[in-house]
Amino acid sequence: LYRESEDDPTVKRVAKNSLVPMGLQLLNKVIDFAFAMLMLRILAPEMAGRYYFAVAFIGYFDILVRFGLGTLLTREVAKDRGHGNKYLSTVTVLRGLLWLTSLPLMAIVILFYAFSGSMTPDIVIAIALFAVGLIFSSLADGFSAVFYAHEKMEYPAAISTVTTVTRVSLGALILLMGWGFVGLAAVSVVSNIVSASILGFLMMRHCFRPHPEWDPQTGKWMMRTSFPLMINLLLATIFFRIDVLLLKPMKGDEVVGYYGAAYKYIDGLNIIPAYFTQAIFPLMSRYADSARDSLMRAYGLALRLLLMLALPIAFGTPFIAEGLIMVLGGADYLPDSKIALQLIIWFLPFSFVNSVTQYVLIAIDQQRFLTKAFLIGVTFNIIANLIVIPRYSYMGAAVVTVLSEFALLIPFYYAVRKHLAPLPWFGLFWRPLLASSVMAAVMWLLRDIPWPLLALVGA
């Protein structure tokens with residue numbers, strides 16, 4: 001239905017670039033959810049815990065290989081599309097070198113876990129397969145960044161649905177054949193190859209035809225400029241997922257499996273701020289250069305929209321958590337996964353605010369301040385987890401996640417107030433907060449009625 005033209009209103013373009021990817025990603029999450037229902041039942045909590053650990057492990061090295069270069073690529077090409085090939089070519093070379101650098105680091109960390117008795121051969125094989133997949137996922141990420149800069153977010157979104165269907169179809173076959181989570185890791189390599197190939201072909205048709213181009217000065221500048229972005233993302237991931245790496249040696253694979261099942265819903269919800277901020281980031285980057293008042297208005301509107309979603313979800317999920325986990329993983333994951341979900345869902349409003357605030361600060365070139373903020377949050381998160389996990393297990397980890405997200409909001413807001421303008425917090429929060437409180441009261445009154453899950457959500 002959408003036909004691009006030069007005189008498109010900004011609102012129309014942003015709506016297309018946020019709603020289309022968000023809708024397709026929600027479809028992807030529905031497909032992933034159906035697959036998770038099969039996977040969690042076949043693997044059971046212990047094997048599912050090993051799989052979640054391998055995914056979390058490779059996630060940190062994925063950040064190292066990408067190095068924040070995708071965000072920088074989007075920002076710079078959005079300002080001047082004529083330099084698209086130069087930046088894409090440079091990013092591709094740099095990521096290849098970073099991938100080679102990551103391999104010995106991966107081996108060192110694996111040996112550390114092996115000496116502590118927390119690493120099994122099947123996890124090592126899965127991590128090795130994921131490492132191969134990093135080559136193709138980093139290529140796909142570079143192509144996607146070009147589409148984002150050209151404000152054609154629908155193309156990467158559509159291809160992500162194609163690769164999700166490929167991954168889930170092959171993954172279900174692999175599980176039914178008894179190849180376990182190692183087979184799932186092999187499937188991820190195939191799906192990454194499919195994604196990179198199709199995105200590369202579409203980029204040549206709709207953006208430009210890439211050719212080798214290397215400028216050492218550009219490479220040095222991009223590494224230097226993107227380093228804070230990489231550190232920020234690494235710290236954000238440590239901030240958000242260090243609990244999984246600590247739970248495994250302290251409490252074992254089964255507890256990680258319970259915690260990971262609860263996180264399935266969190267991961268699904270996190271696509272909302274992720275794709276919304278991606279859609280408005282090119283616009284905010286332009287406003288940051290020429291119209292700070294417009295940037296502030298866009299930021300305020302983004303916060304209002306995200307809070308309208310986050311607050312009702314946070315208030316309502318504790319009442320339906322048992323049904324959600326029962327649908328996802330079955331009785332084997334109760335009551336532990338239910339308790340984890342009831343606790344960790346409260347991080348959502350703070351996380352939605354922090355997600356868009358982070359990109360506002362990047363747009364106004366304050367990425368180095370983000371590093372300081374994430375250092376504060378990560379320090380709090382690690383110390384608190386080391387204190388509470390031995391005694392309170394996944395429940396302590398969930399509470400620390402919520403408190404850490406709030407702790408991150410404080411320096412974020414300080415930076416916005418200092419470098420942009422103060423925010424009307426009361427005006428942003430009071431309406432969705434009041435509505436969510438009334439909704440929670442209704443759900444509390446209905447708590448003893450054995451309604452079907454969907455009927456309770458509707459009420």
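**Notes on an all-helix model: core, rings and backbone**

1. Let me start with F67: at 6% relative accessibility, this residue counts as buried (buried is under 20% relative accessible area, exposed over 50%, partly exposed in between, with a 1.4 Å probe and protein chains only). Please keep in mind that this is a predicted model, where local features need pLDDT of at least 70, side-chain atom pairs count only at pLDDT 80 or more, and totals for chains, interfaces and linings use all residues. Residues are numbered from 1 along each chain as its sequence is written, and side-chain values use heavy atoms, with hydrogens and water left out.

2. F67 has a ring partner, F227: the two form a tilted aromatic pair, 6.0 Å centre to centre with 45° between the planes (rings of Phe, Tyr and Trp, the last by its six-membered ring, pair if their centres lie within 6.5 Å; planes under 30 degrees apart count as stacked, over 60 as edge-to-face and the rest as tilted). F67 lies in the loop between α1 and α2 and F227 in helix α7 (residues 216-251), so the pair ties together parts that are 160 residues apart in sequence. F227 is partly exposed, at a relative accessible area of 40%.

3. On the overall fold, the protein has 15 helices and 0 strands (DSSP runs numbered from the N terminus: H or I of at least four residues for helices, E of at least two for strands). The radius of gyration is 22 Å, which agrees with the value near 23 Å for a compact globule of 459 residues (taken over C-alpha atoms; the rule is 2.2 Å times the number of residues to the power 0.38). The C-alpha trace spans about 60 × 50 × 45 Å along its principal axes, and 56% of the 459 residues count as buried.

4. Now the interior: the largest nonpolar core has 150 residues, and M39, I127, Y259 and Y299 have the most contacts inside it (such a core is a set of buried Ala, Val, Leu, Ile, Met, Phe, Trp, Tyr and Cys residues joined through side-chain atoms within 4.5 Å). Helix α1 (residues 10-66) supplies the largest share of this core, 20 residues. Beyond its neighbours within four places in sequence, Y299 is in contact with V356, T357, V360, V416, L420 and L423 (contact means heavy atoms within 4.5 Å).

5. Which residues form one aromatic cluster with F57 and F61? They are F53, F112 and Y113. F57 and F61 are both in helix α1, 4 residues apart, about one turn of the helix, and both are buried. K248 lies over the face of F53, at 5.2 Å from the ring centre (NZ of Lys or CZ of Arg must be within 6 Å of the ring centre and within 35 degrees of the ring normal).

6. Helix α2 deserves a look too, as 9 of its 11 residues are buried. Among them are R75 and E76.

7. Finally, some backbone points to check by eye. Most residues other than glycine have a negative phi, and most peptide bonds are trans. A44, in helix α1, has a positive phi of about 65° and is partly exposed at 28% relative accessibility. S393, in helix α13 (residues 367-419), has a positive phi of about 55° and is buried, with a relative accessible area of 13%. A cis peptide bond joins L334 and P335, with omega about 0°; P335 lies in the loop between α10 (292-328) and α11 (336-344).
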